[in-house]
Amino acid sequence: MAPLGARLLVASLLLVIVLLPLAGVGLSYTFRQSATASFDTRLESLLNALLAGIQVDSIGQRLQLNRSLGDARFDRVYSGWYWQVSNGSDLTLTSRSLWDQRLPIPEHQSGLAVYEVEGPRDDDLRMIERGLRLPGHQDVIHVALAGSTAELNHEVERFERLLIVSLATFGVLLLAGLALQMRWGLAPLRRMSANLRAVEEGDIERLDTQLPVELKELALAMNGVLERDRRLIERGRAAAGNLAHALKTPVSVLKTLSERFPEAQRQPINTELTRIDDAVRHHLARASAAGGVAFSGRVSIGEAIAPVVQGLARLAERRGIRFDADIDPNAAARIDPQDIQELTGNLLENALRWADSRVSFQVSRVSQGVRLRIEDDGPGMTRAQGESALARGVRLDARGSGSGSGGSGLGLAIVEDLMMLYGGTLRLERAALGGLAADVWLPASPVSARIGDTASQPPPAD
């Protein structure tokens, strides 16, 4: 869906496209009417001057003009401005500009009338005509005066060109002003959106409330929801820790008591107690990790896993295993430090358990996030075994009954849960060292990755 600002701008553009042409048509029509009325007023003034100069010869009852209209266009042949005086079918007087042409006289007896007529050389003329009786003259005479509409049309066309340029300029300025107004008006929404993204990615804990009144109430309500969720998550993680401590002692006591039973009875009891212990630790670890997604900030991977790497490096040294670690100091991701330690510790412990003589650990930055790759030179596993392990969370340590989370398959299950929570991926494949390679990718924005953001997809495997 288009952004709100773009939708408002498109709506404004449609209004401008519709309203400005309508306004232009209205203004053009009004101006043409006004210009035509002004043109008719000029024609009427000249007609009145013509009428004032007409008189009747007392001897021959002939009409004559005793004054000039004072406009040279009536003396220039086919100038576009003409006058004539006639009584019925007889033509008495004409302007020199008519030469041998005549103006058409409609059937009209008296009063003033205006017509659109065709003049000499097919010119469009606007003619004003009056029929009247003069004292001493028995017939009705028709006095007509016409002017070319070319001047009127040129004036209207010039106005329309100026109107089009003016309305186009006004439309552009109006749209620019509306765009600036919408940008300024929507700025608080953009700031609020940026705040939400920062809260989502763990950079800040609360929304900024320095907003207009309408948005301030919304920001305060959202801050209340965030604070309540944070308290619930912290309470849940604390309860998970307390439950873990509460269950450890009874399970240990039951294991101790089981030693009193005969071997045949002790073995199944210990098996079930181990399953209980693994299930409890698995779900407690999952509950503990679930709280870190919404409020986790960007952490340096190297700094967060340093204690784990140092401890396992000493373990590798005691076992005579070469441990190579190549960690990019600038690699960072939005993940809870405890979760990245849990993830790294489980995978490294498994690699050290299976390795014959060497383990390689690499942390690097990629365009969409961070990649962790752990390799060993042990026996590894086939593609089918890797897919089976990821599909069912089965034990990685299939050779024996190794202790700890890795021996029960709990370590891999926790890693898979963390990948699901943070939107990452885990691949098990053949390592270059000959054993197993665990390839982990963590996205730059875990929340967007979990909701299916196509921009946050793992890069292709090396």
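Is leucine 14 buried or exposed?

## Leucine 14 and its patch

Leucine 14 has a relative accessible area of 52%. Exposed means over 50%, so leucine 14 counts as exposed. This is a predicted model.

Leucine 14 sits in helix H1, which covers residues 4–53. Leu14 also belongs to a nonpolar surface patch of about 750 Å². Its partners there are Val10, Leu13, Leu15, Ile17, Val18, Leu19 and Leu22.

## The chain as a whole

The chain has 462 residues, and 40% of them count as buried. It holds 11 helices and 14 strands.

The accessible surface comes to about 25800 Å². Carbon and sulfur atoms account for 55% of that surface. Take the contacts between residues at least 6 apart in sequence: 59% of these join residues at least 24 apart.

## Two nonpolar cores

The largest nonpolar core has 41 residues. Ile301, Ile340, Leu343, Val359, Phe361 and Leu372 have the most contacts inside this core. Helices and strands both feed it, each of the following with at least two residues. The helices are H6 (301–319), H7 (337–354) and H10 (410–422). The strands are E11 (358–366), E12 (369–376), E13 (425–430) and E14 (436–443).

A second, separate core has 22 residues. Among them are Trp81, Ile128, Ile141 and Leu145.

## A closer look at isoleucine 301

Which residues does isoleucine 301 contact, leaving aside its neighbours within four places in sequence? Three are alanines: Ala331, Ala332 and Ala333. The others are Ile335, Ile340, Val363 and Val370. Of these, Ile340 is also listed with Ile301 among the residues with the most contacts inside the largest core.

Definitions and conventions
Residues numbered from 1 in each chain as written. Predicted model: local features only at pLDDT ≥ 70, side-chain atom pairs only at ≥ 80, totals over all residues. Heavy atoms only, no water. Patch = residues over 30% accessible without salt bridge, like charges linked within 9 Å, V, L, I, M, F, W, Y side chains within 5 Å. Areas by Shrake-Rupley, 256 points an atom, 1.4 Å probe, with all protein chains shown as cover. Salt bridge = Lys/Arg side-chain N within 4 Å of Asp/Glu carboxyl O. Helix = DSSP H or I, 4+ residues; strand = E, 2+ residues; numbered from the N terminus. Buried < 20%, exposed > 50% of the residue type's maximum accessible area, 1.4 Å probe, protein only. Core = buried A, V, L, I, M, F, W, Y, C linked by side-chain atoms within 4.5 Å. Contact = heavy atoms within 4.5 Å.
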